[in-house]
Amino acid sequence: MRNLNRFGWFVAALLISYTSFAGDIEVSGGWIRATAPGQNQGGADLSIISKQSAKLVGATSPVCKAVQLHSMKNMNGLMKMREVKAIELPAGKRVNLRESGYHLMLIGLIAPLKEGETVPLTLSIEVPNQGIVKIDASAEVKSITAAMPASQGEDHHQMQMQMK
Ligand SMILES: [Cu+2]
């Protein structure tokens, strides 16, 4: 999974749009907060619509060492994150990661993320009868103070990370 996707960089440089299509799957609205000094990880959000039921099973990015799928749960007032193996994409339904209690965790950022930059992401989506489909997407780096959607306003940095 450590495949540095140079082609992804190239595509990201050409496209200002944050929507990408691959067959029957559309990815849009990707974004991540700019990082604070010393911060080497961050959570990215995006939305996926798949015409047939599928599963998001992984992601990579050239800007970090690894990308994990994380779920976020409120446990006795503490937000806890943990890695999940897959995120279900019901047929025809728009799945926004944040709203569904998930995010992409970019771990081991190689350089700070600055507002206005574009982070290339390659998503691995398991589609019945097609195996794993790779989709190039991107996330816009927004201001460090950019707010999460209303119900998910908890600051990512303050969450406890619970790894198996
Ligand atoms: Cu996380």
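Two strands count as paired when DSSP finds at least two bridges between them, and this rule underlies the strand partners named in the legends below, which describe a predicted model.

**View 1. The order of helix and strands along the whole chain.** The chain contains 1 helix and 12 strands, and, read from the N terminus, its elements follow the order α-β-β-β-β-β-β-β-β-β-β-β-β. Of the 164 residues in the chain, 30% are buried. Among the contacts in the chain with a separation of 6 or more, 74% are made by residues that lie 24 or more positions apart.

**View 2. The hairpin formed by β10 and β11.** Strand β10, which covers residues 118-127, and strand β11, which covers residues 131-142, run antiparallel and are joined by 10 bridges. The two strands form a hairpin with 3 residues between them, and N129, which sits in the turn, has a positive phi of about 70 degrees. Within this pairing, V119 of β10 stands opposite A139 in β11.

**View 3. The pairing of β10 with β4.** Strand β10 is also joined to strand β4, residues 54-60, by 5 bridges, and these two strands run antiparallel. One position to look for is K55, which stands opposite E126 in β10.

**View 4. The largest nonpolar core and L123.** In soluble globular proteins, nonpolar side chains tend to be buried together. The largest nonpolar core of this model has 31 residues, and those with the most contacts inside it are L104, L106 and L123. At least two residues of this core come from each of β2, β3, β4, β5 (64-75), β7 (87-89), β9 (102-109), β10 and β11. When neighbours within four places in sequence are left aside, L123 is in contact with V27, L56, A59, I135 and A137.

**View 5. The surroundings of A34 in a loop.** A34 is found in the loop between β2 (25-33) and β3 (41-50). Is this residue, A34, buried, exposed or partly exposed? A34 has 18 other C-beta atoms within 10 Å and is therefore partly exposed, because a residue is called buried at 20 or more such atoms and exposed at 12 or fewer. Which residues does A34 contact, apart from its neighbours within four places in sequence? They are L113, K114, E115, V141, K142, S143 and I144. In addition, the C-alpha atoms of A34 and E117 are separated by 8.8 Å, although these two residues are 83 residues apart along the chain.

Conventions:
Residues are numbered from 1 along each chain as its sequence is written. This is a predicted model: local features need pLDDT of at least 70, side-chain atom pairs count only at pLDDT 80 or more; totals for chains, interfaces and linings use all residues. Helices (H or I, at least four residues) and strands (E, at least two) are DSSP runs, numbered from the N terminus. Two residues are in contact if their C-beta atoms, placed from the backbone, lie within 7 Å. A nonpolar core is a set of buried Ala, Val, Leu, Ile, Met, Phe, Trp, Tyr and Cys residues joined through C-beta atoms within 7 Å.
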